[in-house]
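Let's take a friendly walk through a protein chain, from the overall fold to a few single residues. Keep the structure open beside you as you read.

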Amino acid sequence: MNTSFFGELLQTISERGRGLLDRRREPPGQVHSESLADLCESLLTGRGEASGTALAREILQRYEELKTGPRIAFFEALATRFGPDRVRLDKAMEAFRADPSDAAAHVLHIAAEPRRQELFRRLNLAPHGTAALVRMREHLLAAMTRRGDLEPIDADFRHLFASWFNRGFLVLRRIDWSTPAVVLERIIRYEAVHEIRDWNDLRARIDPPDRRCYAFFHPALVDDPLIFVEVALTREIPGAIGPILATEREPIDPERATTAVFYSISNCQRGLASVSFGSFLIKQVVADISRDFPRLTTFVTLSPAPNFAAWLKRERAAEASLLSEADRIALARLDEDGWWENKATLEELRDPMMRAAANYYMNGRDRRGRPVDSVARFHLGNGARLERLDWPADLSARGRAQSYGLMVNYLYDLGDIEQNHEAYAESRTVIAANAVKKLAKAPRALVPTKLIGGDKKADAAKADKKGDAKADAKAVDPKALPKPANDGAPVAETATTSDGAAATAAPAAKPQPEKTVEPSTT
């Protein structure tokens with residue numbers, strides 16, 4: 001599609017239409033939201049295409065000149081003056097009650113549509129109108145933090161953007177060192193997960209043979225990506241971000257790679273929030289990269305845990321906590337300055353942190369019953385499985401602030417994606433590897449309390465009742481305690497840490513977990 005041709009065509013129509021508009025522009029800085037709303041009324045009632053395109057351009061230019069206060073006043077006018085036509089809607093409702101036919105339902109549907117939607121469609125005819133409307137919604141979202149009454153306007157934006165930015169319009173492009181500089185500059189600016197420090201850092205992420213970057217573009221936003229993903233080709237699932245981001249490293253032959261790691265996914269347009277691109281992006285990249293490298297069999301993320309630190313602080317302070325008292329005491333070390341620089345402290349924190357993280361993902365819920373973690377909601381909703389917890393995986397200042405260094409791997413098993421997606425969509429089930437689920441179970445006491453200096457007579461009486469004559473003659477020796485019965489609980493398991501060492505987790509208790517779905521693995 002020759003987008004520049006259509007852009008120039010719209011520009012020509014707009015310029016010619018301006019001559020048909022006998023309007024004197026107000027000086028910059030003196031644009032009033034009331035006059036802007038009046039122009040919007042004129043745009044809705046006008047019929048000429050050239051004059052309408054020119055007027056749409058005029059409105060968007062004037063909108064850009066508004067300061068914060070007048071901008072919110074303009075949104076208020078959109079909310080109050082450009083809703084459904086009440087008279088027309090009442091007539092359509094009466095007609096439908098009298099004759100509930102498909103034709104009457106269609107008329108009712110048209111009458112129920114807010115006038116704002118048609119206004120936005122006409123504004124979109126202006127040159128660069130789509131980009132201007134995306135920015136307008138970005139301003140609206142900022143205002144809605146204190147003005148919930150503006151939500152109906154946002155609903156109209158979401159409705160239209162869902163169609164305008166349909167997957168069928170999106171184009172996937174690989175970003176490499178030959179990509180135009182204007183796009184590369186935006187990649188640096190939009191990176192939201194792991195800051196790109198400079199051009200050398202960017203080149204280390206997109207130029208080596210074992211690194212890839214892909215972005216979705218829309219024809220109306222030329223050279224401005226909507227979302228992009230950075231990919232590392234490796235021989236194993238990584239447990240830390242440092243080696244992935246290292247600029248001084250030895251690249252591997254991508255033909256020998258078995259694992260594709262999605263380590264950063266960044267949405268670029270704040271005004272397109274809640275318009276989903278990520279699931280399409282990941283699936284498209286998996287399909288493309290699999291064709292290039294047939295030996296790739298594992299597709300995982302190395303994802304941040306942006307809400308973990310705040311959740312853990314609340315759990316440590318709560319009376320009714322998902323954390324054991326022992327773990328809460330151990331996790332107090334996180335309050336010490338420089339805890340991340342002390343190897344002994346990191347080792348002491350490892351097991352409590354892993355148990356806390358498992359509870360965070362398996363049992364932590366927000367008010368709507370969803371997983372607390374926003375990144376988890378994204379990947380689980382796309383059909384991924386929570387495969388592994390990695391700690392410490394990111395001890396940068398940002399990593400410590402948002403997650404105390406925790407990161408996780410989500411596995412995209414192509415054979416299970418649909419099943420996992422349905423389980424999450426229907427019941428918010430967290431699909432996770434068994435190792436993660438075991439860590440989330442309540443810890444089981446290794447030694448019964450009574451065995452340590454316990455009541456010998458009571459033990460002997462109990463033994464007599466069972467017919468154990470030997471137990472009546474023996475006293476319990478605290479120095480030689482018997483091993484506790486396993487009761488079917490899993491034995492201690494070994495997990496691989498980010499530095500390749502083996503960390504042993506305490507045996508988990510026999511479970512009383514929430515209902516989960518056991519996915520098949522390949």
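A salt bridge is a side-chain nitrogen of Lys or Arg within 4 Å of a carboxyl oxygen of Asp or Glu. Keep that in mind, for the side chains of aspartate 154 and arginine 137 meet in a salt bridge, at 2.6 Å from N to O. This pair links distant parts of the chain, with aspartate 154 in helix 9 and arginine 137 in helix 8, 17 residues apart. Please note that the model is predicted.

**The whole chain**

The chain has 22 helices and 10 strands. Of its 522 residues, 44% count as buried. Among contacts with a separation of 6 or more, 72% are between residues 24 or more positions apart.

**Salt bridges**

How many salt bridges does the structure hold? There are 33 salt bridges in the structure. Here are three pairs to find in the model.

| Acidic partner | Basic partner | N to O distance |
|---|---|---|
| aspartate 154 | arginine 137 | 2.6 Å |
| aspartate 327 | arginine 355 | 2.8 Å |
| glutamate 41 | arginine 81 | 3.8 Å |

Glutamate 41 lies in helix 2 (residues 33–45) and arginine 81 in helix 4, so their salt bridge ties together parts that are 40 residues apart in sequence. Glutamate 41 counts as partly exposed, at 21% relative accessibility, and arginine 81 is partly exposed as well, with a relative accessible area of 35%.

The other two pairs in the table sit in buried positions: aspartate 154 and arginine 137 are buried, and so are both aspartate 327 and arginine 355. Aspartate 327 belongs to helix 15 (residues 325–330) and arginine 355 to helix 16, 28 residues apart, so to speak a link between distant parts of the chain. Salt bridges that share partners also join Glu191, Arg197, Asp201, Arg205 and Glu230 into one network.

**A charge without a partner**

Aspartate 373 is found in the loop between helix 16 (343–363) and helix 17. Aspartate 373 is buried yet has no salt bridge. Its nearest side chain of opposite charge, arginine 377, is 7.2 Å away, and a salt bridge would need the nitrogen within 4 Å of the carboxyl oxygen. Leaving out residues up to four places away in sequence, aspartate 373 touches several residues, including Pro304, Asn307, Tyr360 and Tyr410.

**The largest pocket**

About 1,300 Å³ of space lies in the largest pocket. Which residues are the closest to its centre? Of the 43 residues that line the pocket, these are Asn267, Ser274, Ser374, Val375 and Phe378. By class, the lining has 19 nonpolar, 15 polar and 9 charged residues. Elements that each supply at least two residues of the lining include helix 8 (129–143), helix 9 (151–164), strand 4 (259–267) and helix 17 (374–381).

**Two buried residues**

Phenylalanine 82 sits in the loop between helix 4 (68–81) and helix 5 (86–98). Buried or exposed: how does phenylalanine 82 count? Phenylalanine 82 counts as buried because its relative accessibility is 0%. Phenylalanine 82 and arginine 116 are 34 residues apart in sequence and 5.2 Å apart in space, C-alpha to C-alpha. Beyond four places in sequence, phenylalanine 82 touches residues including Ala37, Glu41, Leu44 and Arg116.

Isoleucine 417, in helix 19, has 8% relative accessibility and so counts as buried. Neighbours within four places aside, isoleucine 417 is in contact with Lys283, Asn382, Gly383 and Tyr412.

How values were computed. Residues are numbered from 1 along each chain as its sequence is written. This is a predicted model: local features need pLDDT of at least 70, side-chain atom pairs count only at pLDDT 80 or more; totals for chains, interfaces and linings use all residues. Side-chain values use heavy atoms; hydrogens and water are left out. On a 1 Å grid over the protein atoms alone, a cavity is a set of points where a 1.4 Å probe fits but cannot get out, and a pocket is an open set with protein on both sides within 12 Å along at least five of seven lines; lining residues have an atom within 4 Å of a point. Grid points are joined across faces, edges and corners, and a volume is the space filled by probe spheres set on the points. Helices (H or I, at least four residues) and strands (E, at least two) are DSSP runs, numbered from the N terminus. Ala, Val, Leu, Ile, Met, Phe, Trp, Tyr, Cys and Pro count as nonpolar, Asp, Glu, Lys and Arg as charged, and the others, Gly among them, as polar. Buried means under 20% relative accessible area, exposed over 50%, partly exposed in between (1.4 Å probe, protein chains only). Lys and Arg count as positive and Asp and Glu as negative; His and the chain ends are not counted. Contact means heavy atoms within 4.5 Å.
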